[in-house]
Amino acid sequence: MTGPDDLTPEMAADDALAMDYALGALGRAARQETALRLARDPAFRARVEAWAETLAPLDEETAPVLPPASVWAGVLAEITPAPVAATPAPPARPSLWRSLALWRGLALGGPVLAALAVAIVTAPGAAPQLPAAPPAEAPPALLAASLAGADGKPLLAATWDPLRGTVVLTPVADDQAEADRVTELWVIEGDSAPRSLGVIQTAAPNAHAISSQVISGLQPGALLAISIEPIGGSPTGLPTGPVIATGKLTSI
């Protein structure tokens with residue numbers, strides 16, 4: 001490695017460092033530090049390239065020298081990981097299926113174990129056995145009816161949605177109620193008296209909310225009917241005006 005005594009007064013410190021780097025005369029730490037400087041200092045990199053070009057003829061004049069075996073041994077010692085001592089395998093345990101002592105113990109202690117299991121299950125602090133969850137019930141089916149007049153001409157379509165508690169009304173003909181009258185929806189189940197489902201609007205599609213108490217238990221086959229009533233609905237709780245349309249509910 002070039003020392004301070006070998007430098008001429010004209011050689012700058014950077015030139016000396018660049019020459020040593022080009023010659024490969026720097027130690028490991030100095031060489032790594034200089035390599036980092038090459039990446040960020042273009043002027044210094046140009047000095048190193050100039051020295052490499054100047055010293056290139058020495059490669060042709062200098063005979064190659066093989067490094068001693070100790071060098072390779074040192075390199076291998078640094079790059080080869082230290083061997084890891086193998087952990088001895090634990091002694092194999094006898095199979096439970098072949099353990100004669102185990103089966104003898106279970107045979108002799110079976111009644112005791114059963115009694116212990118019962119005591120644990122029935123102990124006050126034991127976790128309760130939760131019942132199996134019941135299977136999920138299928139959602140109730142929608143019911144629909146096409147309400148038509150005596151002449152068979154459809155007046156509106158009605159769909160009962162039990163989950164939402166609404167009857168969706170879709171008129172297919174003009175509203176037949178007069179200015180001082182309203183239309184009222186009824187349900188008739190078997191031989192029972194008509195039940196009012198409320199005053200409805202038949203001029204445009206709409207969703208008519210109905211109380212679950214009023215329409216509970218509604219089943220396919222029930223009859224829907226529309227009557228013309230005074231404003232506010234039937235005063236008697238039964239149809240008082242003409243019934244303009246009827247239709248039977250079916251599952252959809």
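**Close-up views of a predicted model**

**View 1. Glu189 and Arg195 meet in a salt bridge, with 2.4 Å from N to O.** This pair, like everything shown here, comes from a predicted model. Have a look at how much of each partner is open to the surroundings. Glu189 has 24% relative accessibility, so it counts as partly exposed. Arg195, at 26%, is therefore partly exposed as well.

**View 2. Arg181 pairs with Asp180 through a salt bridge between their side chains.** Here the N to O distance is 3.6 Å. Arg181 counts as partly exposed because its relative accessibility is 36%. For Asp180 the value is 41%, so this residue is partly exposed too.

**View 3. A salt bridge joins Asp15 to Arg47.** The closest N and O atoms of the two side chains are 2.5 Å apart. The pair links distant parts of the chain, with Asp15 in helix 1, Arg47 in helix 3 and their positions 32 residues apart. Arg47 has a relative accessibility of 32% and so counts as partly exposed.

**View 4. Helix 1, residues 13-23, turns several side chains inward to its neighbours.** Which residues of helix 1 are buried? They are Ala16, Ala18, Met19, Asp20 and Tyr21. These buried residues pack against helix 2 (28-40) and helix 3 (42-61). Just after helix 1 comes Gly24, with a positive phi near 75°.

**View 5. Helix 2 and helix 3 cross at roughly 115°.** Their axes come within 6 Å, and the crossing is left-handed. Helix 2 brings Thr34, Arg37, Leu38, Ala39 and Arg40 to the contact, while helix 3 contributes Pro42, Phe44, Arg45 and Val48. By character, these contact residues divide into 5 nonpolar, 1 polar and 3 charged.

**View 6. Asp14, Arg37 and Asp41 are linked in a network of salt bridges.** You have already met Arg37 in the previous view, where this residue of helix 2 takes part in the contact with helix 3. Searching the whole structure gives 5 salt bridges.

**View 7. The whole chain puts the close-ups in context.** How many helices and strands does the chain have? There are 6 helices and 9 strands. Of its 252 residues, 23% count as buried. The chain exposes about 17,900 Å², and carbon and sulfur atoms supply 62% of that area. Among contacts with a separation of 6 or more, 55% are between residues 24 or more positions apart.

How values were computed:
Residues numbered from 1 in each chain as written. Predicted model: local features only at pLDDT ≥ 70, side-chain atom pairs only at ≥ 80, totals over all residues. Heavy atoms only, no water. Helix = DSSP H or I, 4+ residues; strand = E, 2+ residues; numbered from the N terminus. Buried < 20%, exposed > 50% of the residue type's maximum accessible area, 1.4 Å probe, protein only. Contact = heavy atoms within 4.5 Å. Areas by Shrake-Rupley, 256 points an atom, 1.4 Å probe, with all protein chains shown as cover. Axes fitted to C-alpha atoms, helices over the stretch in contact; angles between N-to-C directions. Left-handed = near helix turned anticlockwise from the far one by under 90°. Nonpolar A, V, L, I, M, F, W, Y, C, P; charged D, E, K, R; others polar. Salt bridge = Lys/Arg side-chain N within 4 Å of Asp/Glu carboxyl O.
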